[in-house]
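Let's walk through this predicted model together. Keep the 3D view open and follow along as we go from a sheet to some aromatic contacts.

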Amino acid sequence: LSYHHRNSIQQLELPQRKAALIVPAFETLHYRLTFPKSKAELLSMLDMGSLYTFRYHVWPKGHAPTDYAKWRTATVPYRVAWQPDFEPYVVVRRDCPKYDQRFVGFGWNKVSHIMELDAQEYELLVLPNAFMIHMPHAPSFDISKFRLSTGYRGCLQTLREEFHQDLSRRYGAAALKYLTAERSL
């Protein structure tokens, strides 16, 4: 993390606060890219079409709750609400809940982690001057399995249902919103 980001974390009193700091994600279709040096430069690249919000073309639900329109002009961190399939990249304290080890390979690792953070009442705060850029690469072995194997997708669905049951046991009625959201999709 840069000095600026470390300073932001100190100002947010993160050591005393349950918060997940969201780093807005973007992507490029170009294999070579000059990384923007500032938010203004990134916004210019976004407007010119050399960058896109992450997975905008294939999975917009994963990052839409970040509220990129608000991020464009934000100067202070802002809170966002959990939504189904939200899977932002986050900076959290070391003592936060760990990723659920059931979700290895492709599918639901970040989604389940954000759900758990939300269930534990972590604030989801978008950093106004931070960003990351995903570079294109060949599909992973695991995403290929997910796309090609009904068995893989079936197993993932079973794990998701198990995860929901575990959330219900741990958080009671507060976890109903996750199951309700899942069923309405």
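Start at Ala25, which stands opposite Met132 in strand S7. Strand S2 covers residues 25-27, and three bridges join it to S7, with the two strands running parallel. Now zoom out a little: S2 belongs to an open sheet of three strands in the order S3-S2-S7, with mixed pairing. Its edges are S3 (52-53) and S7 (132-134), each of which pairs on one side only.

Next, turn to the aromatic rings. Across the whole structure, a search finds eight aromatic pairs. One of them is the stacked pair of Phe35 and Phe131, with 5.7 Å from centre to centre and 20° between the planes. This pair links distant parts of the chain, 96 residues apart: Phe35 lies in the loop between S2 and helix H2 (39-48), while Phe131 lies in the loop between strand S6 (123-126) and S7. Are these two rings buried or exposed? Phe131 counts as buried because its relative accessibility is 16%, whereas Phe35, at 43%, counts as partly exposed.

Trp108 and Phe163 form another aromatic pair, this one edge-to-face, with 5.8 Å between centres and 90° between planes. Here too distant parts of the chain are linked, 55 residues apart: Trp108 sits in the loop between strand S5 (89-91) and helix H4 (109-119), and Phe163 in helix H6 (residues 150-171). Both Trp108 and Phe163 are buried.

Finally, look for Phe26, Tyr68 and Trp71, which form one aromatic cluster. Over the ring of Trp71 sits the charged end of Lys39, 4.4 Å from the ring's centre.

Conventions: Residues are numbered from 1 along each chain as its sequence is written. This is a predicted model: local features need pLDDT of at least 70, side-chain atom pairs count only at pLDDT 80 or more; totals for chains, interfaces and linings use all residues. Side-chain values use heavy atoms; hydrogens and water are left out. Two strands pair if DSSP finds at least two bridges between them. Helices (H or I, at least four residues) and strands (E, at least two) are DSSP runs, numbered from the N terminus. Rings of Phe, Tyr and Trp (its six-membered ring) pair if their centres lie within 6.5 Å; planes under 30 degrees apart count as stacked, over 60 as edge-to-face and the rest as tilted. Buried means under 20% relative accessible area, exposed over 50%, partly exposed in between (1.4 Å probe, protein chains only). A charge sits over a ring if NZ of Lys or CZ of Arg is within 6 Å of the ring centre and within 35 degrees of the ring normal.
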